[in-house]
Amino acid sequence: MKAPANGDNWFGLTDQELPIGEAYSWSVRPNCGAVVLFSGTIRDHAEGREGVEYLTYEAYEEQAVQRFEAIGDELRTRWPDVGRVVLIHRTGQLQIGESSVIAVVSAPHRPNAFEAARYAIDALKETAPIWKHEVWADGSGWGTGAHDITKPASVRATT
């Protein structure tokens with residue numbers, strides 16, 4: 001997955017390793033003094049489930065990318081000075097320690113970069129049709145914390 005040649009948004013799904021370094025570098029701009037990169041990694045446990053061995057992510061690709069775009073639009077409404085925004089999520093089987101999702105935001109100053117990046121990952125988790133199947137020592141099942149999918153505008157910014 002390559003960075004876009006034009007524009008300030010990079011959204012997508014991939015079954016390949018996430019381009020974390022490239023996403024960070026692409027987000028650096030001369031007018032932005034802050035880049036915040038969040039990387040969600042696969043851990044060895046979940047609520048009530050010890051010994052997680054691996055996860056498999058599935059997504060409704062067309063709708064997920066549309067949600068990423070809507071998150072970007074809402075983010076730019078709330079933080080108009082944001083520079084670049086990256087939202088990329090992996091699909092397929094991932095092992096412990098691998099990155100499953102990245103949210104990167106650049107802005108002129110750190111408060112807006114931090115707040116916008118936090119909103120971006122929270123909104124992705126609440127609004128994108130992406131599901132995880134966990135395999136752990138004693139069984140398997142769909143991930144904990146499932147909820148109804150909402151619209152990006154309804155996601156509260158956490159500060």
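The following dialogue examines how several terms apply to this predicted model.

Student: Why is Arg-90 called buried?

Tutor: Buried means under 20% relative accessible area. Arg-90 has a relative accessible area of 6%, and therefore Arg-90 is buried. This residue is found in strand 6.

Student: What makes the approach of the Arg-90 side chain to Glu-98 a polar contact?

Tutor: A polar contact requires a pair of N or O atoms within 3.5 Å, one able to donate a hydrogen and the other to accept it. The side chains of Arg-90 and Glu-98 make such a contact at 3.2 Å, so the distance satisfies the cut-off. The side chain of Arg-90 also reaches the backbone oxygen of Gln-16, at 3.0 Å.

Student: Which residues are in contact with Arg-90, leaving aside its neighbours within four places in sequence?

Tutor: Among them are Thr-14, Asp-15, Leu-18, Tyr-57 and Ser-100.

Student: How do you know that strand 2 and strand 8 pair?

Tutor: Pairing requires at least two bridges between the strands. Strand 2 and strand 8 are joined by 8 bridges, so the requirement is met. The two strands run antiparallel, and Ser-39 stands opposite Ile-102 in strand 8.

Student: What makes strand 1 and strand 2 edge strands?

Tutor: The open sheet has 4 strands in the order 1-6-8-2, with mixed pairing. Strand 1 and strand 2 each pair on one side only, and are the edge strands. On average, neighbouring strands of this sheet are turned by 5 degrees against each other, direction ignored.

Student: Which strands does helix 1 touch as it packs on the sheet?

Tutor: Helix 1, residues 20–27, touches strand 1, strand 2, strand 6 and strand 8. The direction of helix 1 makes about 10 degrees with that of strand 8. Helix 2 lies across strand 1, strand 6 and strand 8, and runs at about 155 degrees to strand 1.

Student: Why can Phe-68, Leu-75 and Tyr-119 be members of a nonpolar core?

Tutor: Phe, Leu and Tyr are among the residue types admitted to a nonpolar core, whose members must be buried and joined through side-chain atoms within 4.5 Å. Phe-68, Leu-75 and Tyr-119 are among the residues that touch the most other members of the largest core, which has 35 residues. The largest share of this core, 8 residues, comes from helix 3. Apart from this core lies another, of 8 residues, including Leu-18 and Val-86.

Student: Which residues does Tyr-119 touch, not counting those up to four places away in sequence?

Tutor: Tyr-119 touches Ile-71, Glu-74, Leu-75, Arg-78, Trp-79, Pro-152, Ala-153 and Val-155.

Technical notes: Residues are numbered from 1 along each chain as its sequence is written. This is a predicted model: local features need pLDDT of at least 70, side-chain atom pairs count only at pLDDT 80 or more; totals for chains, interfaces and linings use all residues. Side-chain values use heavy atoms; hydrogens and water are left out. Buried means under 20% relative accessible area, exposed over 50%, partly exposed in between (1.4 Å probe, protein chains only). Contact means heavy atoms within 4.5 Å. Axes are lines fitted to C-alpha atoms, for helices over the stretch in contact, and angles run from 0 to 180 degrees between N-to-C directions.
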